Amino acid sequence: MMVQPLIQMVDVHKAFGPAKVLDGVDLSIPQGQITTVIGKSGMGKSVLLKHIVGLLQPDQGQILFEGQPLAAMKKAERRRLKMQVSYMFQGTALFDSMTVFDNIALPLTEHGRFSKKEIRRKVEEKLQQLDLKGIENKYPSQLSGGMRKRVALARALVTNPQIVLFDEPTTGLDPIRKSAAHSMIANYQKRFDFTGIVVSHEIPDVFFISHRVAMLDEGHIIFEGTPDEIQRSRNPMIQQFIHGLEGRHDHLTGFVPPSQGMEKFTREMVRLQRHKIDFSLVLLRVNNLEVIDELKDHEDSQKVLQHLANHVQGCLGITDTCSRVGLNKIMVLLSNSDIGRARMFCSELAREMEMKKILDIKDPPRACISVSAGFAQAMENSDLDRLIQQAGSADNMFYEFRVC
């Protein structure tokens with residue numbers, strides 16, 4: 001049985017003068033998930049968002065909310081729906097002349113329907129929930145970049161919206177802050193269960209937080225599916241776009257991007273099937289980065305992942321390959337290796353981790369980071385997803401170590 005999408009765009013057209021921006025867009029947004037819209041610059045991604053938030057009306061076609069056409073809604077219904085939608089702008093768009101408290105309170109004061117007591121209660125609730133307690137009287141200029149992002153998200157969430165729109169949320173950020181912003185969106189989406197719609201060109205990073213991906217090109221949605229499905233798509237236009245943006249290396253870890261990891265797996269499978277040359281996979285997972293997020297900052301948790309990647313690099317052979325396969329997961333493909341070599345790799349990494357501090361951050365919290373290492377040996381009928389799942393299962397867990 002198909003679940004009805006929260007939002008549906010059906011044959012939506014929009015033109016500005018002679019320029020067609022949306023030319024028959026069909027798109028489904030499921031409830032309680034993060035859907036990311038990707039595409040070249042100037043292809044209408046922000047215009048698409050403005051239709052969802054109600055800032056623009058389609059020239060043709062329908063936008064449905066829970067199956068009901070927005071155009072058929074009465075004014076009161078449209079007003080209630082608008083209160084369920086929030087927007088997190090590029091670059092946070094915080095007001096420097098206002099305190100953190102007043103910035104977060106702004107959507108509530110603009111509604112004009114809440115008393116000062118209600119506004120204070122709602123703002124203090126969000127300060128507590130987003131780990132911002134104690135900075136309410138500071139100004140944005142006094143905060144770190146990661147903290148400003150969190151304040152902007154608190155402002156977007158203070159009305160308890162059902163839908164949050166993110167328009168290029170990581171534009172202009174360095175690799176640490178970019179990864180931290182993605183981690184923050186993913187963590188709080190799980191906590192508050194909102195439906196997230198992200199417009200982004202940060203590939204492949206944004207795939208780590210997305211449940212669904214849609215690609216907009218020449219006014220049409222040419223792909224809609226999971227991050228895995230789009231990365232495996234054989235459509236040359238999609239592949240050219242993805243490969244054109246992802247770069248030669250992951251900026252946070254220095255590893256090859258996921259697509260190159262998949263290509264390496266394919267080459268190793270050919271060698272195994274044709275020449276019986278074994279290879280194995282090691283899956284490393286940082287299990288509790290959220291501890292650092294809560295006690296310190298999302299930027300510090302990403303530094304932990306970066307330091308782990310540096311240690312992993314020191315244990316690699318010349319033909320081995322590493323890539324990220326999630327916000328907190330690293331995949332290592334070990335060429336010419338059996339389970340014995342995979343065990344040796346994990347042992348060497350464990351010694352490396354014990355010798356060097358992974359928590360190389362200022363004023364580290366009194367908490368431990370748990371890193372698990374699992375492995376699996378490829379068989380002639382293996383596929384990558386199944387091998388990763390096998391390496392991550394409790395039965396194949398080789399080592400779990402804690403770094404404090």
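In this predicted model, strands β4 and β5 form a hairpin, with two residues between them. One residue of the turn, E66, has a positive phi of about 50 degrees. The two strands, β4 (residues 60-65) and β5 (residues 68-69), pair in the antiparallel sense over two bridges. To find this pairing in the structure, one can look for F65, which stands opposite Q68 in β5.

The hairpin belongs to a wider arrangement. Four strands form an open sheet, and their order is β2-β1-β4-β5, with antiparallel pairing. The edges of this sheet are β2 (19-29) and β5, each of which pairs on one side only. Helix α1 (residues 45-53) packs on the sheet and touches β1, β2 and β4. The direction of α1 makes about 120 degrees with that of β1.

Strand β1 (residues 7-16) can be followed through its partners. Five bridges join β1 to β4, and these two strands run antiparallel. Within this pairing, V10 has Q62 of β4 as its bridge partner. With β2, β1 pairs over eight bridges, again in the antiparallel sense. Here I7 stands opposite I29 in β2.

A second sheet comes next. This open sheet has six strands in the order β6-β7-β8-β3-β9-β10, and its pairing is mixed. Its edge strands are β6 (85-88) and β10 (220-225), each pairing on one side only. From one strand to the next, the twist averages 20 degrees. At the β6 edge, β6 and β7 (residues 163-167) pair in the parallel sense over four bridges. The bridge partner of Y87 in this pairing is L165 of β7. Helix α5 lies across β6 and β7, and runs at about 165 degrees to β6.

Helix α5 (145-157) also has a part in covering another helix, α3 (residues 100-111). Which residues of α3 are buried? They are V100, F101, N103, I104, A105, L106, P107 and L108. What covers these buried residues includes α5 and also α4 (116-129).

Empty space inside the model can be examined too. Rolling a probe the size of a water molecule over the atoms shows where empty space is left. The structure holds one cavity of 30 Å³ or more. About 60 Å³ of space lies in the largest cavity. Which residues line this space? The lining is made up of I7, I52, I63, L64, F65, L70, L81, V85 and I163. Two of these names have already appeared in the strand pairings: I7 stands opposite I29, and F65 stands opposite Q68. Strand β4 gives the most to the lining, with three residues. By residue type, the lining divides into nine nonpolar, no polar and no charged.

Finally, D385 offers a look at how parts of a chain that are separated in sequence can meet. D385 has its place in helix α13 (residues 384-392). Is this residue buried, partly exposed or exposed? D385 is partly exposed because its relative accessible area is 39%, and partly exposed residues lie between the 20% limit for buried and the 50% limit for exposed. Leaving aside neighbours within four places in sequence, D385 is in contact with D228 and R232. In sequence, D385 and D228 are 157 residues apart, while in space they are 9.4 Å apart, C-alpha to C-alpha.

Terms used. Residues are numbered from 1 along each chain as its sequence is written. This is a predicted model: local features need pLDDT of at least 70, side-chain atom pairs count only at pLDDT 80 or more; totals for chains, interfaces and linings use all residues. Side-chain values use heavy atoms; hydrogens and water are left out. Two strands pair if DSSP finds at least two bridges between them. Contact means heavy atoms within 4.5 Å. Axes are lines fitted to C-alpha atoms, for helices over the stretch in contact, and angles run from 0 to 180 degrees between N-to-C directions. Buried means under 20% relative accessible area, exposed over 50%, partly exposed in between (1.4 Å probe, protein chains only). On a 1 Å grid over the protein atoms alone, a cavity is a set of points where a 1.4 Å probe fits but cannot get out, and a pocket is an open set with protein on both sides within 12 Å along at least five of seven lines; lining residues have an atom within 4 Å of a point. Grid points are joined across faces, edges and corners, and a volume is the space filled by probe spheres set on the points. Ala, Val, Leu, Ile, Met, Phe, Trp, Tyr, Cys and Pro count as nonpolar, Asp, Glu, Lys and Arg as charged, and the others, Gly among them, as polar.
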